[in-house]
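Welcome, and please open the model in your viewer. We will begin with the whole chain and then select one stop after another.

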Amino acid sequence: MVGIEVAAAGLGAGLLAVRRRTALIPVWIALVVGLHLVPVAALLRYPLLYVVAALVTLVALAAVPLARSRSVAISAVAGLATGTVLLATALISIGSALLWP
């Protein structure tokens with residue numbers, strides 16, 4: 001599963017680079033990560049990952065219009081929002097593991 005994600009992310013990023021659309025690479029990576037978390041959630045039987053998958057996918061879909069409406073870099077929106085979701089998830093997961101072993 002991770003191999004497919006890496007291949008999809010790399011191929012998409014390569015195509016965007018060839019087409020000189022490098023600003024969209026972070027959005028593509030976020031989209032791939034978000035979508036790949038759906039089967040990972042099922043495989044691990046960890047429902048929180050479905051929420052994370054939805055949020056990261058939503059970030060990817062909203063990053064371009066939001067960045068353009070605010071006149072900021074697309075990578076800033078995609079990176080900050082995706083990073084925030086993933087960090088919050090890590091903290092929730094660690095907290096859950098410590099409180100309910």
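A contact here means heavy atoms within 4.5 Å. With that in hand, look at the whole chain: of its contacts with a separation of 6 or more, 49% join residues 24 or more positions apart. What you see is a predicted model, in which local features need pLDDT of at least 70 and side-chain atom pairs count only at pLDDT 80 or more, while totals for chains, interfaces and linings use all residues. Residues are numbered from 1 along each chain as its sequence is written, and side-chain values use heavy atoms, leaving out hydrogens and water.

**Stop 1: the whole chain**

Switch to a cartoon view. Which secondary structure elements does the chain hold? There are four helices and zero strands, giving the order α-α-α-α from the N terminus on. Helices (H or I, at least four residues) and strands (E, at least two) are DSSP runs, numbered from the N terminus. Along its principal axes, the C-alpha trace spans about 50 × 30 × 15 Å.

Now turn on the surface. About 6,500 Å² is exposed by the chain, and carbon and sulfur atoms supply 76% of it. Accessible areas come from the Shrake-Rupley method with a 1.4 Å probe, and for residues only the protein chains shown count as cover. Of the 101 residues, 31% are buried; buried means under 20% relative accessible area, exposed over 50%, and partly exposed in between (1.4 Å probe, protein chains only).

**Stop 2: helix H2**

Select residues 25-44, which form H2. The 20 residues of H2 should span 28 Å at 1.5 Å a residue, and the end C-alpha atoms are 28 Å apart, which agrees. The expected span is 1.5 Å times one less than the number of residues.

Where does H2 kink? Center on Val 38: a kink of about 30 degrees lies there, shortly before the proline Pro 39. The bend at a residue is the angle between axes fitted to the seven residues ending there and the seven starting there.

Next, color the buried residues of H2, among them Val 33, Gly 34, Leu 37 and Ala 41. The buried residues of H2 pack against helix H1 (2-18), H3 and helix H4 (74-99).

**Stop 3: from H2 across to H3**

Select Leu 31, in H2. Leaving aside residues up to four places away in sequence, Leu 31 touches Thr 57, Ala 60 and Leu 61. Measure from Leu 31 to Val 2 as well: the two are 29 residues apart along the chain, and their C-alpha atoms are separated by 14 Å.

Now hop to Thr 57, found in H3 (residues 48-70). Is Thr 57 buried or exposed? Thr 57 is buried, because its relative accessible area is 15%. With the same sequence neighbors left out, Thr 57 touches Leu 31, Gly 34 and Leu 35.

**Stop 4: two loop arginines**

Most residues other than glycine have a negative phi. Select Arg 20, in the loop between H1 and H2: its phi is positive, about 60 degrees. Arg 20 is exposed, with a relative accessible area of 74%.

Then move to Arg 45, in the loop between H2 and H3, where phi is also positive at about 55 degrees. Arg 45 is exposed, at 75% relative accessible area.

**Stop 5: Leu 44**

Finish on Leu 44 in H2, which is exposed with a relative accessible area of 55%.
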